[in-house]
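Visitor: Please take a close look at one part for me, namely the salt bridges, and then go on to the surroundings in which they sit.

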Amino acid sequence: LALPGGFCDSYETAEEGVKREIEEETGLRVSKMRYLFSIPNRYIYSGMELHTMDLFFHCMVDDTSTLIADDDVADLQWIAIDNLESADFGLESIRTGIEKLKDIKNTL
C-alpha cells in the first residue's frame with residue numbers, strides 16, 4: 001500500500017504539491033489541509049540514494065464522488081486509521097508515518 005503523494009514541482013509550495021498530487025492520483029480536490037509532521041526518507045532514483053523529507057498533511061475534500069485511480073495509481077480504497085497496518089506499506093517512512101497517525105488520530 002501507499003499514500004497519495006509525490007514530489008513538489010519547481011516553484012511549487014508543499015501545499016500546492018499536496019493538492020496537485022492528490023487530484024492527479026485520486027481525482028479529489030482538497031478543500032482544506034493541515035500540516036501534521038515530517039519524516040526523513042531515502043529515495044533511490046536512477047541508482048542513486050537521495051535524501052528527501054516526507055511531509056504529512058490531514059486533508060479534507062468536499063466531494064468524494066470523483067474518486068478515481070489515475071496517474072500511477074492502480075487502485076484506491078478508504079481505510080479507517082484504526083484499521084491501517086503499517087507493515088502493509090512499502091516505504092519505511094510511510095510505515096513510521098502510519099504509526100504516528102495512529103498516535104495523533106484523536107487530534108485530527
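Guide: What follows starts with the charge pairs and then moves outward to the surface patches, the loop and the strands.

This is a predicted model, in which local features need pLDDT of at least 70 and side-chain atom pairs count only at pLDDT 80 or more, while totals for chains, interfaces and linings use all residues. Residues are numbered from 1 along each chain as its sequence is written, and side-chain values use heavy atoms, with hydrogens and water left out.

Side chains of opposite charge can pair when their charged atoms come close. A search of the whole structure finds seven salt bridges (a salt bridge being a side-chain nitrogen of Lys or Arg within 4 Å of a carboxyl oxygen of Asp or Glu). A good place to begin is Arg-20, whose side chain meets that of Glu-21 in a salt bridge at 3.1 Å, N to O. Both Glu-21 and Arg-20 are buried (buried means under 20% relative accessible area, exposed over 50%, and partly exposed in between, with a 1.4 Å probe and protein chains only). Arg-20 counts as buried because its relative accessible area is 18%.

The side chain of Arg-20 also meets that of Glu-24 in a salt bridge, here at 3.3 Å, N to O. Because Glu-24 and Arg-20 are four residues apart in helix α1, about one helical turn separates them (helices, H or I, of at least four residues and strands, E, of at least two are DSSP runs, numbered from the N terminus). Helix α1 spans residues 14-26. Glu-24, with a relative accessible area of 32%, is partly exposed, whereas Arg-20 is buried.

Another salt bridge is made by the side chains of Asp-82 and Lys-105, at 2.3 Å, N to O. This pair links distant parts of the chain, since Asp-82 belongs to the loop between β2 and α2 and Lys-105 to the segment after α2, 23 residues apart. Asp-82 is exposed at 51% relative accessibility, while Lys-105, at 30%, is partly exposed. Elsewhere, salt bridges that share partners join Asp-9, Glu-12, Arg-20, Glu-21 and Glu-24 into one network.

Negative charge also appears in another arrangement, for Glu-85, Asp-88, Glu-99 and Asp-103 gather in a patch of negative charge on the surface. Patches are made of residues with over 30% relative accessible area and no salt bridge, with like charges joined within 9 Å and nonpolar side chains (Val, Leu, Ile, Met, Phe, Trp, Tyr) within 5 Å. For the charges, Lys and Arg count as positive and Asp and Glu as negative, with His and the chain ends not counted, and the place of a charge is taken as NZ of Lys, CZ of Arg, CG of Asp or CD of Glu. Within this patch, Asp-103 lies in helix α2, residues 92-104, and is exposed, with a relative accessible area of 69%.

The surface also carries a nonpolar patch of about 510 Å², made by Phe-7, Tyr-43, Tyr-45, Met-48 and Leu-50 (accessible areas come from the Shrake-Rupley method with a 1.4 Å probe, and for residues only the protein chains shown count as cover). Strands β1 (30-45) and β2 each supply at least two residues of the nonpolar patch. Phe-7 is found in the segment before α1 and is partly exposed, with a relative accessible area of 46%. Tyr-11 also lies in the segment before α1, where it is exposed at 86% relative accessibility and has a positive phi of about 65° although it is not a glycine.

The loop between β2 and α2, where Asp-82 was placed, also holds Asp-71, a residue other than glycine with a positive phi of about 60°. Ala-69 lies in that loop too and counts as partly exposed at 30% relative accessibility. Leaving aside residues up to four places away in sequence, Ala-69 touches Glu-25, Ala-74, Asp-75 and Leu-76 (contact means heavy atoms within 4.5 Å). Ala-69 and Glu-23 are 46 residues apart in sequence, and their C-alpha atoms are 9.9 Å apart in space.

Finally, Glu-49 lies in strand β2 and is partly exposed at 43% relative accessibility. With residues up to four places away in sequence not counted, Glu-49 touches Arg-42, Tyr-43 and Ile-44. The C-alpha atoms of Glu-49 and Thr-64 are separated by 36 Å, although the two residues are 15 apart along the chain.
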